[in-house]
Amino acid sequence: MNILSVLAIFSAFLGTSVAFVFTPQGRDGGIRSATSLDATIAVFGASGLTAQECVYQALRDGDKVVGLTRNPTKLLVPKGSGGKDADKPLYDHPNLTLIGGDVTNPADVAKVFESNIDGVIVALGGKTSDVGDTMLTVGTKNIMSAMKSKGVKRIAVVTSIGAGDSKDQAPFAFKLLMMTVMKKIFTDKNNQEMAVQESGLEYCIVRPGGLTVEPPTGVINVIDGEAGSIPRADVAQFCLEAVKDPNFPYVGKTPCISSVGGTSWVKDRSKAARGQA
Ligand SMILES: NC(=O)c1ccc[n+]([C@@H]2O[C@H](COP(=O)([O-])OP(=O)(O)OC[C@H]3O[C@@H](n4cnc5c(N)ncnc54)[C@H](OP(=O)(O)O)[C@@H]3O)[C@@H](O)[C@H]2O)c1
Ligand SMILES: *[C@@H]1O[C@H](CO)[C@@H](O)[C@H](O)[C@H]1NC(C)=O
């Protein structure tokens with residue numbers, strides 16, 4: 001029995017649905033994805049842990065990347081996909097244009113679109129005490145109006161399990177956080193999602209379960225039930241497919257994704273990954 005059939009049984013047992021299963025790329029002789037067409041991908045919040053994975057994987061697959069972040073030198077090779085290169089500088093990669101700026105400033109966002117962008121990934125985040133109460137919504141609106149003025153259509157936006165109509169897919173403990181310490185973040189996320197849904201763009205709102213910095217599993221489950229955890233590396237792969245695959249099945253949708261065995265809340269090691277613990 002192979003891993004996929006084990007998974008299918010496992011998820012059937014848990015009442016989740018495996019609607020979207022990725023074939024791991026590049027394991028057998030580095031075969032590239034059929035959807036990899038040397039695109040130029042814009043990544044917003046480029047130094048973030050999920051964004052790092054998006055930047056790294058896109059560059060590895062031969063694409064060009066234009067990134068925006070307030071702190072460019074925070075952009076390092078990610079722990080999940082980076083292997084022995086983890087934590088080395090990524091900000092100086094020759095096929096990366098990295099812009100130091102603030103997504104809430106339209107002039108900074110416009111600098112990203114001075115390049116010809118094929119697809120946009122938004123992986124913004126942070127505590128409201130650092131980023132403010134409305135950064136996600138204001139920033140994402142800036143990005144979307146720049147896209148419209150340049151005719152860029154495809155956007156993947158990382159939000160969260162629990163956002164919008166996925167409220168009941170959040171595990172109980174996470175729901176408590178959403179209603180208390182994360183209340184402002186979720187107000188901003190919900191407004192961000194609404195703006196994306198009203199944009200008329202070819203969007204995919206990606207709602208991951210608990211994020212980890214583990215290596216990619218290559219298997220991503222779109223779930224109807226309660227969310228589990230997922231490596232940021234897998235979230236990034238999903239986002240890249242979302243903006244590069246013309247026939248991506250979740251355009252105009254809001255998939256909740258979790259990963260192999262992702263049926264329980266796995267401790268997030270991101271503090272350590274940021275060098276904070
Ligand atoms: N942790 C979890 O278990 C979990 C679960 C589900 C969903 N999520 C969500 O998933 C998303 C990604 O999470 P993550 O932990 O990978 O991200 P992260 O490491 O917190 O990165 C977020 C990035 O946003 C950038 N940013 C913040 N304000 C900005 C601004 N004004 N202009 C430009 N860039 C800005 C920051 O870069 P600079 O500081 O360099 O500007 C930061 O690197 C977040 O929205 C998070 O809420 C998290
Ligand atoms: C940069 O992109 C070019 C193709 O445009 C590719 O040939 C080259 O290998 C890339 N550089 C790196 C370091 O990945």
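This briefing describes the sheet, a helix pair, the ligand surroundings and several individual residues of one structure.

The model is a predicted one. Its eight-stranded open sheet has mixed pairing, and 29 residues surround ligand 1. Helices α6 and α8 come within 7 Å of each other, axis to axis.

**The sheet as a whole**

- Strands of a sheet pair through backbone hydrogen bonds, and the pairing may be parallel or antiparallel.
- In this model, eight strands form an open sheet, and their order is β3-β2-β1-β4-β5-β6-β10-β8.
- The edges of the sheet are β3 (96-100) and β8, each of which has a single partner strand, so one side of each is left without a neighbour in the sheet.
- On average, neighbouring strands of this sheet are turned by 25° against each other, with direction ignored.

**Strand β4 and its two partners**

- Strand β4 spans residues 119-122.
- On one side, β4 pairs with strand β1 (residues 40-44) in the parallel sense, over four bridges.
- Within that pairing, Val43 has Ile121 of β4 as its bridge partner.
- Strand β5 (residues 154-158) also pairs with β4 in the parallel sense, again over four bridges.
- Here the bridge partner of Ile121 is Ala156 in β5.
- Gly119 and Ile121 point one way from β4, while Val120 and Val122 point the other way; all of these residues are buried.

**Strand β10 and its two partners**

- Strand β10 covers residues 256-259; Cys256 and Ser258 point one way from this strand, Ile257 and Ser259 point the other way, and all are buried.
- Strand β6 (residues 202-208) runs parallel to β10, and two bridges join them.
- Pro208 has Ile257 of β10 as its bridge partner.
- Strand β8 (residues 220-222) pairs with β10 in the antiparallel sense, over three bridges.
- Two of the facing positions can be named: Asn221 stands opposite Ser258 in β10, and Val222 stands opposite Ile257 in β10.
- Ile257 is thus named in both pairings of β10, with Pro208 as one partner and Val222 as another.

**The helix pair α6 and α8**

- Two packed helices are described by the angle between their axes and the distance between the axes.
- The axes of α6 and helix α8 (residues 183-197) come within 7 Å and cross at roughly 20°.
- The two helices, α6 and α8, are therefore roughly parallel to each other.
- The crossing in which α6 passes α8 is right-handed.
- Asp188 lies in helix α8.
- This residue, Asp188, is buried, because 25 other C-beta atoms lie within 10 Å.
- Asp188 and Thr128 are 60 residues apart in sequence, and their C-alpha atoms are 9.3 Å apart in space.

**The surroundings of ligand 1**

- Among the 29 residues around ligand 1, those that come nearest are Gly45, Gly48, Thr50, Arg70 and Gly125.
- The elements that give two or more residues to this shell are α2 (49-60), β2 (64-69), α6 (135-150) and β7 (210-212).
- By residue type, the shell divides into eleven nonpolar, 13 polar and five charged residues.
- Thr50, one of the residues that come nearest to ligand 1, is placed in helix α2.
- Thr50 counts as buried because it has 28 C-beta neighbours inside 10 Å.
- Thr50 and Val235 are 185 residues apart in sequence, yet 7.2 Å apart in space from C-alpha to C-alpha.

**Two residues in loops**

- Phe113 lies in the loop between α4 (106-112) and β4.
- Phe113 counts as partly exposed, because it has 17 C-beta neighbours inside 10 Å.
- In sequence, Phe113 and Val66 are 47 residues apart, and in space they are 8.6 Å apart, C-alpha to C-alpha.
- Asp87 is placed in the loop between α3 (79-82) and β3.
- The phi angle of Asp87 is near 75°, which is a positive value in a residue other than glycine.
- Asp87 is exposed, because 12 other C-beta atoms lie within 10 Å and a residue with 12 or fewer counts as exposed.

Note on methods
Residues are numbered from 1 along each chain as its sequence is written. Chains are lettered from A and ligands numbered from 1 in the order in which they are written. This is a predicted model: local features need pLDDT of at least 70, side-chain atom pairs count only at pLDDT 80 or more; totals for chains, interfaces and linings use all residues. A residue is near a molecule or strand if its C-beta atom, placed from the backbone, lies within 6 Å of it. Ala, Val, Leu, Ile, Met, Phe, Trp, Tyr, Cys and Pro count as nonpolar, Asp, Glu, Lys and Arg as charged, and the others, Gly among them, as polar. A residue is buried if 20 or more other C-beta atoms lie within 10 Å of its own, exposed if 12 or fewer, and partly exposed in between; C-beta atoms are placed from the backbone. Two strands pair if DSSP finds at least two bridges between them. Axes are lines fitted to C-alpha atoms, for helices over the stretch in contact, and angles run from 0 to 180 degrees between N-to-C directions. Angles under 35 degrees count as roughly parallel, over 145 as roughly antiparallel, 65 to 115 as roughly perpendicular and the rest as oblique. A crossing is left-handed if the near helix is turned anticlockwise from the far one by less than a right angle, and right-handed if clockwise.
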